[in-house]
Amino acid sequence: MASSVENETNEMPPLWLSLGEQLNALLSASRAVAAEMAASFDADLQPAAYHIIQWLYAFGPAQASHVADALAMDRSATSRLVRQLKQAGIVESRPDPADKRGVLLSLTDQGSNKMRAAIKHKGEVFRRRLDGWSEADLRLFTALLRRFNTGMAD
């Protein structure tokens, strides 16, 4: 007897299956790059710690609870990762001037410098994958990704 997952897969059109495979490949490649970037900060860092670093770099100082919510991470896991990032000298904390009971997390100078290097490296990885693409293909790919990521129809 076939499972319901097998039945659903057998009923999917080949184009949808192919799209799913490519999206899975993209997500896997993204996870691999995140793991590589985390290791570039500290060999012992988990990839999830890199997401915290990215978020702080992009959005600036914030309370740990806000970072956890923004990344859809468990607060206790976020606290554990932040502790590791502090020990590695990548993240620091200071009192929140808006809430004396709260603490703001931010990247240290070392953390910011390493993040800039990671962004450069990540850009080189993507540039290599897109090397040889025409400008028209790049524009189309960008437009389609934007459309997919925003959930917009046409």
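The following dialogue examines a pocket, a helix pair and two residues in a predicted model.

Trainee: Which element gives the largest share of the lining of the largest pocket?

Mentor: The largest pocket has a volume of about 890 Å³, and 20 residues line it. Helix H2 (14-41), helix H6 (109-130) and helix H7 (135-150) are the elements that each give two or more residues to this lining. The largest share, 9 residues, comes from H2.

Trainee: Which residues lie nearest the centre of the largest pocket?

Mentor: By class, the lining of this pocket has 15 nonpolar, 3 polar and 2 charged residues. Of the 20 lining residues, those nearest the centre are Gln22, Leu23, Leu26, Phe141 and Leu145.

Trainee: Is H3 roughly parallel or roughly perpendicular to H6?

Mentor: Two packed helices are described by the angle between their axes and the distance between the axes. The axes of helix H3 (residues 47-59) and H6 come within 11 Å and cross at roughly 100 degrees. Angles of 65 to 115 degrees count as roughly perpendicular. The crossing angle therefore makes H3, relative to H6, roughly perpendicular.

Trainee: How do the residues of the contact of H3 with H6 divide by class?

Mentor: H3 contributes Tyr50, Ile53, Gln54 and Tyr57 to the contact. From H6 come Ser112, Met115, Arg116, Ala118, Ile119 and Lys122. By class, the residues of this contact are 6 nonpolar, 2 polar and 2 charged.

Trainee: Is serine 106 buried or exposed?

Mentor: Serine 106 is found in strand S2 (residues 99-107). Leaving aside residues up to four places away in sequence, serine 106 touches Leu56, Pro61, Ile90, Val91, Glu92 and Arg94. Its relative accessible area is 9%, and a residue under 20% counts as buried. Serine 106 is therefore buried.

Trainee: Which residues does valine 82 touch, not counting those up to four places away in sequence?

Mentor: Valine 82 lies in helix H5 (residues 75-87). With a relative accessible area of 6%, valine 82 is buried. Outside the excluded stretch of sequence, the residues that valine 82 touches are Ile52, Val91 and Leu105.

Trainee: How many Å apart in space are valine 82 and isoleucine 53?

Mentor: Isoleucine 53 is one of the H3 residues in the contact with H6, whereas valine 82 belongs to helix H5. In sequence, valine 82 and isoleucine 53 are 29 residues apart. In space, C-alpha to C-alpha, their separation is 9.3 Å.

Technical notes
Residues are numbered from 1 along each chain as its sequence is written. This is a predicted model: local features need pLDDT of at least 70, side-chain atom pairs count only at pLDDT 80 or more; totals for chains, interfaces and linings use all residues. Side-chain values use heavy atoms; hydrogens and water are left out. On a 1 Å grid over the protein atoms alone, a cavity is a set of points where a 1.4 Å probe fits but cannot get out, and a pocket is an open set with protein on both sides within 12 Å along at least five of seven lines; lining residues have an atom within 4 Å of a point. Grid points are joined across faces, edges and corners, and a volume is the space filled by probe spheres set on the points. Helices (H or I, at least four residues) and strands (E, at least two) are DSSP runs, numbered from the N terminus. Ala, Val, Leu, Ile, Met, Phe, Trp, Tyr, Cys and Pro count as nonpolar, Asp, Glu, Lys and Arg as charged, and the others, Gly among them, as polar. Buried means under 20% relative accessible area, exposed over 50%, partly exposed in between (1.4 Å probe, protein chains only). Contact means heavy atoms within 4.5 Å. Axes are lines fitted to C-alpha atoms, for helices over the stretch in contact, and angles run from 0 to 180 degrees between N-to-C directions. Angles under 35 degrees count as roughly parallel, over 145 as roughly antiparallel, 65 to 115 as roughly perpendicular and the rest as oblique.
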